[in-house]
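User: I've got a structure open and want to know what stands behind the labels people put on it. Can you take me through them?

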Amino acid sequence: MAGVPPKAPLPPKLSESPSPDGMFGAFGGSSVPEAATASLQQISEAFARAESDSGFWDDLLSHLRTFAGRATPMFAAEGLTAHARERLPRGDGARLWLKREDLAHTGSLAINHALGFALLAVKSGQRRLIAPATGGAHAVAVAAAAAHFGLGCDIFASAADLQHAANHLAKARHFGAQVIDDAASGSNIDTLLSALQAWAQSEGQAMMIPAAAVGPHPFPILVREFQSIIGRETMAQSLRQMTKLPDVIVSCVGMSAEAAGIFYPFIDDAKVKLVGVEAGGRSGAPGEHAAPLSMGHPGAMLGHHTYTLRSEDGEAIPTLSAAPGLGYPLAGPEHAFWKDAGRVRYTVAGDSEAMHAVGLLARTEGILASLEAGHAVAEALKLAAELKADQNIVINLSGRGETASV
């Protein structure tokens with residue numbers, strides 16, 4: 001009609017990121033040495049083929065069901081809920097639910113993307129997996145996936161891994177993995193860099209499996225896609241068991257695999273509140289926490305742009321957390337994007353809060369969770385006190401008490 005201005009185009013959905021070059025708004029991308037460019041391109045091309053191949057996803061779902069034990073259950077935490085309501089007026093206090101990722105094979109959600117990358121390696125003709133130990137649970141999951149598909153496996157272990165995750169590394173060896181002593185590495189980031197370097201030198205004969213949704217494109221989107229089965233299951237289970245979607249979903253956030261997986265399917269539905277909980281460690285002082293989203297600043301690290309903990313001279317600041325799986329000086333670029341978009345609220349829980357929450361969960365439900373998951377439990381208990389009895393909070397329970405990380 002003449003004189004009627006055209007409607008402004010709708011803004012893109014958050015779920016439509018990243019761009020073809022791997023940018024989540026101002027975050028992400030790929031800035032790597034030339035030696036790694038060809039390997040990254042190879043993974044991008046392999047995933048592009050898989051993305052449009054229904055057979056790939058059917059195969060992966062079959063392995064997730066029959067080998068990893070999916071779907072993991074949604075558990076009504078009645079004892080924990082009752083505790084949260086004890087001091088509240090009658091009729092107050094949200095109902096707490098647990099998405100039981102601790103029941104997945106190997107005891108952590110790491111098995112989800114480990115199987116995805118391993119199947120991608122098989123489809124691409126690669127015969128070896130390379131990964132950092134990352135506190136132990138990741139090593140066990142990757143080694144199990146390698147054995148499942150008949151692949152070789154190299155696990156890079158830092159001094160901290162060798163000291164504190166010896167039982168997990170022993171399990172990885174039982175699965176046939178070669179554990180490479182990377183004790184000279186001073187941090188989880190150093191070990192991840194060692195694994196990346198070894199992978200870049202493999203000349204396309206190996207598949208790198210990152211610990212989480214970080215690193216140069218396309219690693220963040222691959223991890224998120226393989227982990228998003230958690231959120232899809234949560235959506236279906238919520239509709240079936242609650243007869244509606246949850247009011248709030250809470251997950252710990254380290255380098256972001258666990259939270260990216262459960263948040264992503266809900267990211268365009270603003271009615272579902274999303275809360276990520278970082279490691280508050282001992283205090284908010286530099287070097288005494290691992291909370292780049294809550295206390296850090298945008299910067300470049302590990303081949304991409306994201307929120308980081310860096311000193312004025314650009315060096316990574318050491319992190320501190322009782323939970324090894326959360327002790328990183330950077331966040332996933334998609335989480336940085338969600339933070340700046342205001343879609344996800346990020347907060348922190350300290351070591352003492354997480355330890356108390358793990359003990360409380362054990363006493364009220366008979367479930368021994370990891371310290372990583374304890375951060376999410378601690379925040380969920382606070383949120384439950386602010387909501388009504390007809391509202392629901394889902395906690396992403398990632399990891400078991402006997403595992404060191406998510």
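Analyst: Sure, starting with the surface. The accessible surface of the protein chain is about 16000 Å², and 54% of that belongs to carbon and sulfur atoms. Areas of this kind come from the Shrake-Rupley method with a 1.4 Å probe, and for residues only the protein chains shown count as cover. Bear in mind that this is a predicted model: local features need pLDDT of at least 70, side-chain atom pairs count only at pLDDT 80 or more, and totals for chains, interfaces and linings use all residues. Residues are numbered from 1 along each chain as its sequence is written, and side-chain values use heavy atoms, with hydrogens and water left out.

User: What makes the protein chain as compact as a globular protein of that length?

Analyst: The radius of gyration, taken over C-alpha atoms, is set against the globule rule, 2.2 Å times the number of residues to the power 0.38. For 406 residues the rule gives 22 Å and the chain has 20 Å, which is close, so the chain is as compact as a globular protein of that length. Along the principal axes, its C-alpha atoms fill a box of roughly 70 × 65 × 50 Å.

User: Why is Ala77 called buried?

Analyst: Buried means under 20% relative accessible area (exposed is over 50%, partly exposed in between; 1.4 Å probe, protein chains only). Ala77 has 0% relative accessibility, so it counts as buried. It sits in the loop between β3 and α3 (78-85). Leaving aside neighbours within four places in sequence, Ala77 is in contact (heavy atoms within 4.5 Å) with Leu96, Trp97, Leu98 and Glu365.

User: And why does Glu379 count as buried?

Analyst: Its relative accessible area is 6%, so Glu379 is buried by that cut-off. Glu379 lies in helix α15, and beyond its neighbours within four places it is in contact with Val250, Val275, Val277, Arg345 and Thr347. Across the chain, 59% of the 406 residues count as buried.

User: How do you know that β9 and β14 pair?

Analyst: Two strands pair if DSSP finds at least two bridges between them. Strand β9 (residues 248-252) and strand β14 (residues 392-396) have three bridges, in the parallel sense. Val248 stands opposite Ile393 in β14. Helices (H or I, at least four residues) and strands (E, at least two) are DSSP runs, numbered from the N terminus; the chain has 15 helices and 14 strands.

User: What makes β3 and β13 edge strands?

Analyst: The sheet is open, with six strands in the order β3-β4-β14-β9-β10-β13 and mixed pairing. β3 (74-76) and β13 (344-350) each pair on one side only. Helix α14 (residues 351-365) lies across β3, β4 (95-99), β10 (273-281) and β13, at about 90 degrees to β13. Here axes are lines fitted to C-alpha atoms, for helices over the stretch in contact, and angles run from 0 to 180 degrees between N-to-C directions.

User: What makes a set of residues a nonpolar core?

Analyst: Its members are buried Ala, Val, Leu, Ile, Met, Phe, Trp, Tyr and Cys residues, joined through side-chain atoms within 4.5 Å. The largest one has 92 residues, of which Leu129, Ile155, Trp199 and Trp338 touch the most other members. Helix α4 (residues 110-123) gives the most to this core, with nine residues. Apart from it lies another core, of 28 residues, among them Leu96, Val248, Val377 and Leu383.
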